[in-house]
Amino acid sequence: MTPPPSSAGKTWDAIVVGAGHNGLVNACYLARAGLDVLVVERNDWVGGAATSRSLYPGFLYSNCSYVCSLLRPEIMRDLELPKHGLQVVPYEGGVILKQDGGYLGTFRDHDAHRREIGRHSLRDAEAYDRYSAEVIRQCRFIRPFLLRTPPDPTSLKPRDVQELLYLGRKFYDLTETEMADTVRFWTMSIAEFLDEFFETDVVKAGFCISGIIGTALGPLSPGTAYVLLHHYMGDVDGAIGAWGFARGGMGAISESLASSFRASGGTVRTGASVDKVLVENGRATGVVLDGGEEIRGRLVVSNLDVKRTFLKLLEEPQLPADFVKKVKNFKIRGSSGKVNIALDGLPDFPALPPSAPFLRGDMHFTDSVERMEGAYDDWKAGRWSADPFLDMMIPTTIDPTMAPPGKHFMSCFVQYCPPKVEGHDWTDAERDGFAKTVVDQIAEYSPNFKDLILHMEVRTPREIERETGLTEGNIFQGELTFDQLLFNRPVPGYAQYRAPIGGLYMCGSATHPGGGVMGAPGRNAAAEVLRDLKKPAKDMSDAYPVL
Amino acid sequence: MPTPSFDAIVVGGGHNGLAAAALLGKAGRRVLLLEAADAVGGAARTVDLAPGFRVPEIAHLANRLHPEVVRRLDLKRHGLAFAATNLATTSLSVDGRPLTLAGAFGERLEGDIAEAERVAWAALRGKLLRFSGVLAPFLSQVPPRLKNGGIADMMTLGKLGLGIRRLGRDDMREFLRMVLMNIADVLDEEITDDRLRAAVAFDAVLGTSLGPRSPNSLMTLFYRLAGQANGVQAATALPRGGMGAVVAALASAATASGVVIRTGAGVASILVEDDRATGVVLASGEEIRAPLVASAMNPATTLLSLVGARHLDTGLVRRLTHVRSKGTVAKLNLALDGPPPFTGLGAEGLTGRLVTAPSLQAIETAFDAAKYGRYSDEPALEITVPSATDPALAPAGQHVVSINAIYAPFRLKPDSEAGREAFEARILAVLERHAPGIGSRIVAKDFLTPADIERRHRIPGGHWHHGELSIDQMFMLRPVLGLAQYATPLAGLYLCGAGSHPGGGVSGAPALNAVSRILADGKGSSLFAAGGKSRR
């Protein structure tokens with residue numbers, strides 16, 4: 001816990017609530033524009049859900065988010081994150097282990113991956129070229145929108161009209177076929193989309209994965225093709241759709257952001273939990289901490305999700321009734337859990353050839369779309385999946401800094417896992433039951449796995465919410481369905497990062513363009529704050545001109 | 001080569017084929033309509049189930065017969081009359097507390113229900129009707145080209161934008177938020193009563209491959225609510241004499257405008273010469289030539305089977321191959337030797353539409369089975385008793401019952417094939433629970449799964465709409481990009497069936513739009529056959 005700064009009684013230019021990656025990105029840009037910024041964080045460490053924590057002696061856990069790709073390269077450059085210690089190492093491949101003892105590997109290299117698919121189906125290998133061209137085209141189409149504030153389609157303000165025209169022109173620049181494919185892509189289910197390309201179950205399962213991670217939808221639900229895009233629009237070193245590990249765990253991203261922030265003169269205060277946002281004469285004027293301490297600021301930016309910001313830090317009468325209703329209806333159902341494991345050595349997977357790079361990437365055990373959908377059905381019924389989908393990594397195969405020599409850290413993202421079990425709060429016994437299904441699934445493919453476990457941290461949405469504050473443990477601060485995207489995110493009429501209260505802003509993943517360790521919401525919110533202050537957005541590449 | 005004696009051939013004598021033929025006939029064309037079956041009407045036929053018992057074989061309610069079709073073809077003069085308009089929907093409950101949604105889409109709620117629910121429902125209903133009203137004008141429009149279109153295309157898009165804007169700021173925001181939502185989330189926000197939630201969710205998913213929790217399931221409800229019956233938006237009606245009466249009126253209108261109808265004349269292929277349709281070849285081998293062919297059959301069947309992929313570019317073939325068209329609704333028609341004994345329902349109630357789904361969740365559970373190619377364990381039913389409204393459909397004192405059951409997937413897992421009888425038994429079990437003793441009154445029955453519908457009516461997948469009504473297959477994407485304006489790459493060949501915008505249901509709207517396109521293309525050309533490519 002950092003000691004309270006000696007500046008008691010001062011009024012900050014801006015107070016950012018929550019030191020998650022978006023809060024820090026936001027604070028960095030504000031500080032670089034010359035504002036005197038304070039970030040307050042409830043935990044004793046920064047990073048929110050992008051942290052590395054030592055939960056077992058000698059091991060560093062990326063215990064929430066676990067891989068990196070979406071962090072916008074513009075942000076990395078603007079905030080000089082590599083200079084502040086950030087290093088992203090792309091991972092080399094991955095694998096789906098099949099129930100019949102076979103496997104489907106994935107490779108970073110397109111041709112290698114194509115050959116591997118060809119081992120299962122030559123037709124699918126051919127389709128892979130067509131498929132990746134299509135997905136990359138969709139990524140290219142959407143990427144320019146990530147760092148722009150969504151226009152209000154009901155507004156006739158010049159700026160909104162201009163932005164709408166920009167969107168319209170981008171769309172109109174497409175050919176008619178591309179337009180049609182784009183509309184289809186946004187509305188189809190990932191399973192239907194893949195059916196148009198592939199015939200093999202395991203191949204489809206492999207491409208399905210990005211369509212469901214973090215969502216409360218199954219692969220057969222319309223709209224999941226967009227979710228796939230959401231996971232693909234990032235890159236590592238310019239390779240679109242590539243993923244990597246942050247050296248030192250995901251906390252390295254937050255640490256580099258905090259370091260960049262401090263270098264610009266910003267102040268971070270950890271161990272300071274905000275109880276209320278101060279509102280005077282209809283304007284946010286600061287925050288009150290648990291314990292009653294008041295900190296004053298000319299404006300407040302909340303990195304918390306909308307439910308937490310408006311239903312906990314504010315009182316209902318302070319807000320328009322219609323807005324409160326929409327915030328209450330905001331869909332933020334948790335759908336995933338996490339099991340983090342310290343291992344005494346690298347587990348054996350006898351089905352895999354010894355020299356393959358599969359352990360140096362993402363590993364999966366769900367070999368069909370149908371099994372994924374079945375896992376979702378359990379969630380719909382309020383249970384954790386009996387046959388869960390796992391996105392499993394052993395980052396220490398690439399980054400030795402996270403465990404003692406010869407030992408390994410394993411991160412298992414698990415879907416689906418409901419925020420409540422059949423309507424009641426999780427019990428510890430149920431949490432252990434959840435962990436058992438995960439461990440058992442891995443052990444089916446790795447005979448020595450159970451013997452290697454030194455320590456295990458199990459996180460259901462309950463634990464995720466407790467530590468990070470994410471309502472219902474939803475990793476995206478709100479589901480990525482169209483009713484909560486673009487100008488609808490978080491709620492229609494308030495998609496431009498401004499709350500209904502003057503001087504209060506939102507900068508978390510609950511705002512456009514949504515979740516993942518992307519930083520775009522934090523940056524876009526900073527642009528809006530600076531616009532209101534009529535200050536130039538210093539160091540912000542591609543920033544809007546201040547009108 | 002014989003001189004063509006017809007200006008146009010319409011392939012398929014379902015309601016859309018009949019409407020297209022009649023409209024072309026009215027426009028002065030000499031039209032030949034070819035139907036493979038022994039009678040016209042397709043899926044809108046009324047058939048004999050047993051001596052004296054007449055049932056709607058598949059379609060059993062009129063909720064979207066397009067007013068423009070009725071007006072232009074003067075269907076009332078040709079005998080179309082309604083036995084009942086503005087049918088009520090009753091959400092049955094086994095504990096004898098049915099909830100009736102009276103008037104168009106629950107204008108009034110009858111039954112014991114909390115006052116707060118009534119208020120919330122009135123607000124939600126109003127919103128849904130306003131939003132679907134924005135879409136209604138587009139049911140009778142040729143979908144615009146997304147790009148490279150003409151002024152008319154721009155106007156159509158502009159009108160849609162204007163329609164949304166005219167809702168006012170708050171409604172516009174709500175519209176843009178809700179448009180791709182699922183019906184379960186919409187209801188979760190406003191309504192708690194299980195009977196009401198189930199009845200509304202049922203309307204949203206009936207005839208689709210969606211469950212209440214599948215995104216986009218609100219759009220299918222909008223689609224239904226955009227229709228009208230006898231001048232009332234979102235209402236449901238029963239034609240006098242059954243759905244077959246609509247067919248009879250259309251056939252009468254067609255004949256009156258000089259259309260020659262040939263039944264028992266299945267088309268085996270469409271003749272193509274120099275990228276131009278020049279006629280058809282019947283299954284018998286007989287060749288009939290005409291400069292224009294309009295197909296009311298499924299678009300994929302028309303182009304891939306009747307024309308043949310060799311005449312089409314590969315992109316189009318690929319798109320047509322991928323049209324999703326797997327039906328999910330089974331039909332059970334019953335003849336009873338007495339009235340169906342529904343618990344808590346008087347004679348009045350029998351004249352309405354009955355829905356059995358204990359809750360929205362029950363529909364979702366029923367859907368889950370279908371996802372994996374299994375019949376639902378607890379199917380949800382839509383029941384009508386046509387003879388309660390129109391006694392002529394059954395002998396005195398006796399009745400016919402018409403039931404749609406979901407979910408019955410078209411593509412079954414191999415081990416579920418044997419489940420057909422079991423599924424029928426499950427439907428009857430649900431029925432028995434709501435109407436104890438009904439089973440002993442059955443004197444005849446006919447059960448059709450989507451596979452049966454496909455066999456009997458040559459509708460791929462047995463799908464009501466000749467292709468799933470999902471957003472990626474709607475409007476300018478229906479049936480697929482490049483065919484949405486009813487013209488095909490072959491000059492003189494047009495699509496005019498439910499596979500085209502705005503889709504299925506007994507509306508006649510695809511035919512109406514197709515004919516307007518055909519006539520527009522034909523302007524300035526004596527044989528109006530050159531038009532197929534004019535705007536491509």
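Trainee: What percentage of the accessible surface of chain B belongs to carbon and sulfur atoms?

Mentor: This is a predicted model, in which local features need pLDDT of at least 70, side-chain atom pairs count only at pLDDT 80 or more, and totals for chains, interfaces and linings use all residues. Residues are numbered from 1 along each chain as its sequence is written, chains are lettered from A and ligands numbered from 1 in the order written, and side-chain values use heavy atoms, with hydrogens and water left out. By the Shrake-Rupley method (1.4 Å probe; for residues, only the protein chains shown count as cover), chain B has an accessible surface of about 18,400 Å². The part belonging to carbon and sulfur is 54%.

Trainee: What is the radius of gyration of chain B?

Mentor: The C-alpha trace spans about 70 × 60 × 50 Å along its principal axes. The globule rule, 2.2 Å times the number of residues to the power 0.38, with the radius taken over C-alpha atoms, gives near 24 Å for a compact globule of 536 residues. Chain B agrees with that, at 23 Å.

Trainee: Of the contacts in chain B between residues at least 6 apart in sequence, what percentage join residues at least 24 apart?

Mentor: A contact means heavy atoms within 4.5 Å. Among the contacts you describe in chain B, the portion joining residues at least 24 apart is 72%.

Trainee: How far apart are the centres of the positive and negative side chains of chain B?

Mentor: Lys and Arg count as positive, Asp and Glu as negative, with His and the chain ends not counted; each charge is placed at NZ of Lys, CZ of Arg, CG of Asp or CD of Glu. Chain B has 57 positive and 49 negative side chains. The distance between the two centres is 7 Å.

Trainee: How many of the twelve residues of helix 1 of chain B are buried?

Mentor: Helices are DSSP runs of H or I with at least four residues, strands are runs of E with at least two, and both are numbered from the N terminus. Helix 1 covers residues 15-26 and reaches 16 Å, close to the 16 Å expected at 1.5 Å times one less than its number of residues. Buried means under 20% relative accessible area, exposed over 50%, and partly exposed in between (1.4 Å probe, protein chains only). Helix 1 is largely enclosed by the rest of the structure, because its count of buried residues is eleven.

Trainee: Is M476(B) buried or exposed?

Mentor: M476(B) sits in the loop between helix 16 (450-457) and strand 22 (493-495) of chain B. Leaving aside residues up to four places away in sequence, M476(B) touches P143(B), P144(B), L146(B), L157(B), L481(B) and A484(B). With a relative accessible area of 12%, M476(B) is buried.

Trainee: Which proline follows the cis peptide bond with omega near -10°?

Mentor: Most peptide bonds are trans. One cis bond runs from H501(B) to P502(B), with omega near 0°. The cis bond with omega near -10° starts at R478(B), and the proline that follows is P479(B).

Trainee: What is the relative accessible area of R458(B)?

Mentor: R458(B) lies in the loop between helix 16 and strand 22 of chain B. R458(B) has a positive phi of about 55° although it is not a glycine. R458(B) is partly exposed, with a relative accessible area of 38%.
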